[in-house]
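Subject: The structure you'll be looking after

Hi,

Here is the structure I said I would pass on. Have a look at it first, and then read my notes underneath.

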Amino acid sequence: MEQETKKCPYCGEEIMATAKKCKHCGEWLIDRKKPNGGRVNRPKVNVSKTEHKGKVSSLRDDVRIANTQADWNKENSDALPVQIFIIAIIMGFACKSWWVGGGVFIGLSILMLIPYIGQVVCVILSLLYAYIGYLLGEHFFSSEAGWVIAIFVGLGSLGVNLSSRQWLSDVSED
């Protein structure tokens, strides 16, 4: 028994004709606020080919890419706040002052929200972790191992930090 299908007006994927919500893009196909569940009168999107970072792709591919990036950013959303908290605690103990720790926490938190300065802070933190990785690799293995560990740690932490910063930026815009 074959059931009728239709294309989602938002992402163009095949869905059941009786669907109230698209299983691919998550858009509601009915107005949930109306008691009768009337259809939403939104314009249909063109699912023709688009250009994304130099590649020709369909709109649904662009939506999937954006959703994947948003999921990655959300998974890493706690990375920067935790790092800022740890740095503030270390600075507070080093200076033996709660005021210094609190000031560092508030200052770094504000810097993260400033467009280009936040990115620079992410790069500086990643370089610091790369340096620590180099020192550990050199101490336990060799200088060459230190460089390899530094590169992996630096690039990995840079990706996580920038992802976390993007999440913070996205949330603060709402």
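One term before anything else: a residue is called buried when its relative accessible area is under 20%. With that in mind, take helix H4, where Gly-118, Val-121, Cys-122, Leu-125, Ser-126, Ala-130, Gly-133, Tyr-134 and Gly-137 are buried. Keep in mind as you read that this is a predicted model.

Now the overall layout. The chain has 174 residues, and 26% of them are buried. You'll find five helices and four strands, and going from the N terminus the order is β-β-β-β-α-α-α-α-α. Of the contacts with a separation of 6 or more, 40% are between residues 24 or more positions apart. The accessible surface adds up to about 12,500 Å², with 64% of that belonging to carbon and sulfur atoms.

Next, the inside. The largest nonpolar core has nine residues: Leu-80, Ile-84, Ala-88, Val-104, Leu-108, Met-112, Val-121, Cys-122 and Leu-125. At least two of its residues come from each of helix H2 (79-95), helix H3 (98-113) and helix H4 (115-140). There is also a second, separate core of seven residues, with Cys-8, Cys-11, Ile-15 and Ala-19 among them.

Leu-80 is a good residue to click on. Beyond its neighbours within four places in sequence, Leu-80 touches Met-112, Cys-122 and Leu-125, and also Asn-161, Ser-164, Arg-165 and Leu-168.

H2 deserves a look from both sides. This helix has 17 residues and spans 24 Å from first C-alpha to last, close to the 24 Å expected at 1.5 Å a residue. Its buried residues are Ala-79, Leu-80, Gln-83, Ile-84, Ala-88 and Gly-92. In an α-helix there are 3.6 residues a turn, so residues three or four places apart point the same way. Just past the end of H2, Lys-96 has a positive phi of about 50°.

What does H2 show on the surface? It gives six residues to a nonpolar patch, the most of any contributor. The patch consists of Val-82, Phe-85, Ile-86, Ile-89, Ile-90, Phe-93, Phe-105, Ile-106, Ile-110, Ile-114 and Ile-117, and together they have about 1,000 Å² of accessible area. H2 and H3 each supply at least two of its residues. Ile-114 sits in the loop between H3 and H4. Why does Ile-114 count as partly exposed? Because its relative accessibility is 34%, which lies between the 20% and 50% cut-offs.

Back to H4 for a moment: it has 26 residues and reaches 38 Å from first C-alpha to last, close to the 38 Å expected at 1.5 Å a residue. Gly-137, one of its buried residues, is 11 residues away from Val-148 in sequence and 8.2 Å away in space, C-alpha to C-alpha. Val-148 belongs to helix H5 (residues 143-173) and is partly exposed, at 43% relative accessibility.

Last, the charged side chains. How many salt bridges does the structure hold? Just one: Lys-7 pairs with Glu-14, and their closest N and O atoms are 3.9 Å apart. Lys-7 counts as exposed because its relative accessibility is 53%, whereas Glu-14 is partly exposed at 40%.

That's what I have. Over to you!

Notes: Residues numbered from 1 in each chain as written. Predicted model: local features only at pLDDT ≥ 70, side-chain atom pairs only at ≥ 80, totals over all residues. Heavy atoms only, no water. Core = buried A, V, L, I, M, F, W, Y, C linked by side-chain atoms within 4.5 Å. Buried < 20%, exposed > 50% of the residue type's maximum accessible area, 1.4 Å probe, protein only. Contact = heavy atoms within 4.5 Å. Salt bridge = Lys/Arg side-chain N within 4 Å of Asp/Glu carboxyl O. Patch = residues over 30% accessible without salt bridge, like charges linked within 9 Å, V, L, I, M, F, W, Y side chains within 5 Å. Areas by Shrake-Rupley, 256 points an atom, 1.4 Å probe, with all protein chains shown as cover. Expected span 1.5 Å × (residues − 1).
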